[in-house]
Amino acid sequence: MSAFRTLRQGIALLQNGNTKEGARLVKSAVRDASLAANLRALGYIWLAETVLTQQEKIDLYNQALLVDPDNQDAQQRLGLLLTPPPPPAPPPSIPEAPITSQPPNPVYRPQGITMQNTVVAPKTNPPPMAPPPSMSTSQMIPVTIPNIPDPQQSMRSSYHIVGILDGPNGAGSGFFVAQNGILVTSRYVVGDMENLTIELDTNRQLQGRVVRSVPDMDIAFVYVEQQVNDLLPITPFPTIMDNAQLSVITHKQQMVTGRRRETGRMMKPHWFPTDIVQLPDAGGGPVFDERGYVVGMITRSISSNAAYVYGVHMAAIRRALEVFFNEMRSAPNRVYCNSCGSVSKAAGEGGYYCEVCGTIMPFAEKAPRIRRPDVTALYEENSPMRCTNCGSQAGIYLDKCLRCGKLQNPAPQQPVTF
């Protein structure tokens with residue numbers, strides 16, 4: 001069965017009140033990378049209607065934005081969840097001087113996503129809630145933000161740009177995006193490695209561990225046991241103007257300058273083209289604009305018709321980092337999968353393979369693998385799709401039951417409005 005049809009049937013079941021089976025089909029559909037990004041985002045939005053806690057909803061809306069960053073429906077729903085309640089009205093007294101206040105955050109208006117006039121996003125608006133608490137302590141991937149030590153303590157300077165020395169494609173650069181030791185670099189720099197040598201700007205070397213990556217965006221997050229005083233200034237602007245002046249700085253303080261290249265080619269919003277053709281290392285260094293703000297990270301991804309390299313916008317990097325934090329907040333014992341870059345909840349519970357891509361985890365490659373009933377639910381192994389004709393759970397292939405051979409009857413559709 002195609003991913004589109006699976007998604008359509010799953011949403012139809014959700015509309016009819018069959019939450020369990022509908023959610024299972026929608027989960028199956030959104031895992032298929034061949035499904036259009038806006039439809040995968042739509043699936044995550046519907047899944048958010050099947051969970052009860054605020055954190056689960058936030059995780060699913062972040063997943064929707066990770067596959068479709070411009071999805072305004074997901075942006076609005078996530079914004080409502082993260083918007084704190086308004087402060088109480090001040091007493092009716094006349095202030096001595098005028099009081100100014102920050103303008104409210106913009107509210108995104110949902111546009112809706114059409115899927116051949118069959119399904120739309122659920123029309124529910126979650127009430128405003130306070131932001132989620134900071135992430136809890138993790139034993140396997142320590143990404144919590146502990147108390148910052150005394151500033152006079154040794155080795156507490158601002159380590160902005162670092163070196164990744166032993167990646168599979170040569171030495172690269174990276175820069176910190178969290179004060180607790182999380183830095184970002186290119187997935188090309190780290191490859192499928194998990195442990196790397198990180199060199200700080202004081203020539204001090206530490207062991208780094210890849211904790212999450214997003215291969216489609218060429219992003220990798222690495223954790224080192226090092227606190228930093230402050231981070232590089234991040235651009236407040238959502239886009240980079242054509243012909244804007246750009247500067248790339250590597251760990252060795254080498255600078256490459258260029259501009260944001262104009263192009264008529266349609267590309268995903270997290271990329272921005274440059275007219276830079278050569279880099280002094282494997283990439284991963286910060287890209288600065290003429291104001292000194294970091295606007296993104298340089299990569300080795302090149303244009304199809306020229307050797308120009310691309311950058312990844314900081315908005316996409318920050319969104320991917322927030323998704324990772326939310327994942328670890330919901331299940332602290334997740335384990336990094338160096339094949340697909342995700343953090344496996346099943347492997348953290350003792351499962352042998354990643355539930356996202358199916359790769360056998362390194363710790364289980366040589367160990368005897370037996371069926372683990374306690375983790376089968378995480379792989380959804382106990383809930384295969386039933387045939388709509390004979391009720392068999394033998395499986396569906398090319399929309400036909402493997403037992404009776406009959407085509408599956410699509411779930412009844414309800415008329416919807418746009």
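In the predicted model, helix α5 (residues 72-82) buries Asp73, Ala74, Gln75, Gln76, Arg77, Leu78 and Leu81. The elements that cover these buried residues include α3 (37-48) and α4 (54-67). At the N-terminal end of α5, Asn71 acts as a cap, with a side-chain oxygen placed 3.2 Å from the backbone nitrogen of Asp73.

Helix α4 also packs against α7, at an angle of about 150° and with the two axes 9 Å apart. Because angles over 145 degrees count as roughly antiparallel, α4 is described as roughly antiparallel to α7. The crossing of these two helices, α4 and α7, is left-handed. On the α4 side, the contact is formed by Gln55, Ile58, Asp59, Asn62, Gln63, Leu65 and Leu66. Helix α7 contributes Arg319, Ala320, Glu322, Val323, Asn326, Glu327, Arg329 and Ser330 to this contact.

The strands of the model include six that form a closed barrel in the order β1-β2-β3-β6-β5-β4, with antiparallel pairing. On average, neighbouring strands of this sheet are turned by 45° against each other when direction is ignored. Helix α7 (residues 314-330) packs on the sheet and touches β2, β3, β5 (205-214) and β6 (219-223). The direction of α7 makes about 55° with that of β6. Within the barrel, strand β2 (residues 172-178) and strand β3 (residues 182-186) run antiparallel and are joined by three bridges. Phe175 stands opposite Val184 of β3. Helix α7 thus has contacts with both α4 and the sheet.

Technical notes: Residues are numbered from 1 along each chain as its sequence is written. This is a predicted model: local features need pLDDT of at least 70, side-chain atom pairs count only at pLDDT 80 or more; totals for chains, interfaces and linings use all residues. Side-chain values use heavy atoms; hydrogens and water are left out. Two strands pair if DSSP finds at least two bridges between them. Helices (H or I, at least four residues) and strands (E, at least two) are DSSP runs, numbered from the N terminus. Axes are lines fitted to C-alpha atoms, for helices over the stretch in contact, and angles run from 0 to 180 degrees between N-to-C directions. Contact means heavy atoms within 4.5 Å. Buried means under 20% relative accessible area, exposed over 50%, partly exposed in between (1.4 Å probe, protein chains only). A polar contact is a pair of N or O atoms within 3.5 Å; within protein, one must be able to donate a hydrogen and the other to accept it, and residues adjacent in sequence count only if both atoms are side-chain atoms. Angles under 35 degrees count as roughly parallel, over 145 as roughly antiparallel, 65 to 115 as roughly perpendicular and the rest as oblique. A crossing is left-handed if the near helix is turned anticlockwise from the far one by less than a right angle, and right-handed if clockwise.
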